[in-house]
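Subject: Structure for you to look at

Hello,

Here is the structure I said I would pass on. Please open it first, then read the notes below with it on screen.

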Amino acid sequence: MSKYENAMKLMEERCGNGKEEVIALGTIALSPNASGNPRPAVRMVCAYYEDGAFFISTDAKKNKMLQIEKNTEVSVCGLGWYAFQGTAENLGWVKDEKNAEIRAKFKSIFDWFDEVGDEDNKTSIVLRITLTEGTIIDNEQKYGESQYEVDFINHTAK
């Protein structure tokens with residue numbers, strides 16, 4: 001197997017297989033710091049991972065979504081020893097027919113979704129984070145490496 005394939009196996013084992021993953025989602029705040037420079041903003045969100053992307057149930061009116069409207073580049077990291085850059089995209093209302101498969105996964109993966117997902121609210125949306133690059137650490141060296149510098153776009157790892 002290639003180093004990239006091993007990195008993807010690690011991601012699937014740590015984040016995939018239909019399980020809820022709590023991740024830190026970093027965006028750029030709408031207001032700059034006192035010097036006029038951009039400020040980071042981070043929060044913990046529940047997500048599921050599949051094929052190089054994290055999927056998140058959220059409300060389109062939340063600060064993270066307002067920030068993403070201005071800059072779709074985001075960062076994510078998790079306790080599974082990974083940190084990535086990616087592009088965020090609002091896929092629209094969770095009950096939209098095009099999101100039926102994702103909605104079904106939300107319902108099966110997030111045990112809280114039926115209670116607090118607020119599906120009938122048109123601002124209850126699906127946020128997809130498509131990963132572009134980043135690092136996975138494997139202190140166990142399960143597949144022979146301790147660190148993977150992953151390029152999700154070109155399907156390579158160093």
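In this predicted model, glutamate 119 and arginine 103 form a salt bridge, and their closest N and O atoms are 2.2 Å apart. Glutamate 119 sits in the loop between α4 and β6, while arginine 103 belongs to helix α3, so the pair ties together parts that are 16 residues apart in sequence. Glutamate 119 counts as buried, at 13% relative accessibility. Arginine 103 is partly exposed, with a relative accessible area of 24%. The two belong to one network of salt bridges with shared partners, which joins Arg103, Lys107, Asp114 and Glu119.

Helix α3 is a good place to go next. Which of its residues are buried? In α3, residues 100-109, they are Ile102, Phe106 and Ile109. These buried residues lie on the same side of α3, because they cover an arc of only 85° around the axis. An α-helix has 3.6 residues a turn, so residues three or four places apart point the same way. On the other side of α3, Glu101 and Ser108 are exposed. The buried residues of α3 pack against several elements: the strands β2 (40-50), β3 (53-59), β5 (82-93) and β6 (124-137), and the helix α4 (113-116).

Glutamate 101 also takes part in a salt bridge, with lysine 105, at 3.3 Å from N to O. The two are 4 residues apart in helix α3, which means that about one helical turn separates them. Glutamate 101 has a relative accessible area of 57%, so this residue is exposed.

Phenylalanine 113 is located in helix α4. Is this residue buried or exposed? Phenylalanine 113 has a relative accessible area of 0% and is therefore buried. Apart from its neighbours within four places in sequence, phenylalanine 113 is in contact with Ser57, Val94, Phe106, Lys107 and Glu119. Two of these names have come up already: Phe106 is one of the buried residues of α3, and Glu119 is the salt-bridge partner of arginine 103. Phenylalanine 113 is also part of a cluster in which ring pairs link Tyr48, Phe55, Phe106, Phe110, Trp112 and Phe113. Between phenylalanine 113 and lysine 19 there are 13 Å in space, C-alpha to C-alpha, and the two are 94 residues apart in sequence.

Now the aromatic rings in general. How many aromatic pairs does a search of the whole structure find? The search finds 10. One of them is formed by phenylalanine 84 and phenylalanine 152, which meet edge-to-face, at 5.1 Å centre to centre and with 85° between the planes. Phenylalanine 84 is in strand β5 and phenylalanine 152 in the loop between β7 and β8 (156-157), so this pair ties together parts that are 68 residues apart in sequence. Both residues are under the 20% cut-off for buried: phenylalanine 84 has a relative accessible area of 1%, and phenylalanine 152 is at 6%.

Back to the salt bridges. The structure holds 10 of them. Another one joins glutamate 145 to lysine 3, with the closest N and O atoms 3.3 Å apart. This pair links distant parts of the chain, since glutamate 145 is in the loop between β6 and β7 (147-151) and lysine 3 is in helix α1, 142 residues apart. Glutamate 145 is partly exposed, with a relative accessible area of 31%. Lysine 3 counts as partly exposed too, at 23% relative accessibility.

Helix α1 itself covers residues 3-15. At 1.5 Å a residue, its 13 residues should span 18 Å, and the end C-alpha atoms are indeed 18 Å apart, which agrees. The buried residues of α1 are Tyr4, Asn6, Ala7, Met8, Leu10, Met11 and Cys15. After α1 comes asparagine 17, which has a positive phi, near 60°.

The last residue on my list is threonine 58, in strand β3. Threonine 58 is buried, with a relative accessible area of 9%. Its side chain and that of lysine 64 are joined by a polar contact of 3.1 Å. Leaving out residues up to four places away in sequence, threonine 58 touches Lys64, Met65, Thr123, Ser124, Ile125 and Leu127.

Regards

Key. Residues numbered from 1 in each chain as written. Predicted model: local features only at pLDDT ≥ 70, side-chain atom pairs only at ≥ 80, totals over all residues. Heavy atoms only, no water. Buried < 20%, exposed > 50% of the residue type's maximum accessible area, 1.4 Å probe, protein only. Arc of directions from axis to C-beta. Contact = heavy atoms within 4.5 Å. Polar contact = N/O pair within 3.5 Å; in protein donor to acceptor, adjacent residues only side chain to side chain. Expected span 1.5 Å × (residues − 1). Salt bridge = Lys/Arg side-chain N within 4 Å of Asp/Glu carboxyl O. Phe/Tyr/Trp six-rings, centres within 6.5 Å; stacked < 30°, edge-to-face > 60°.
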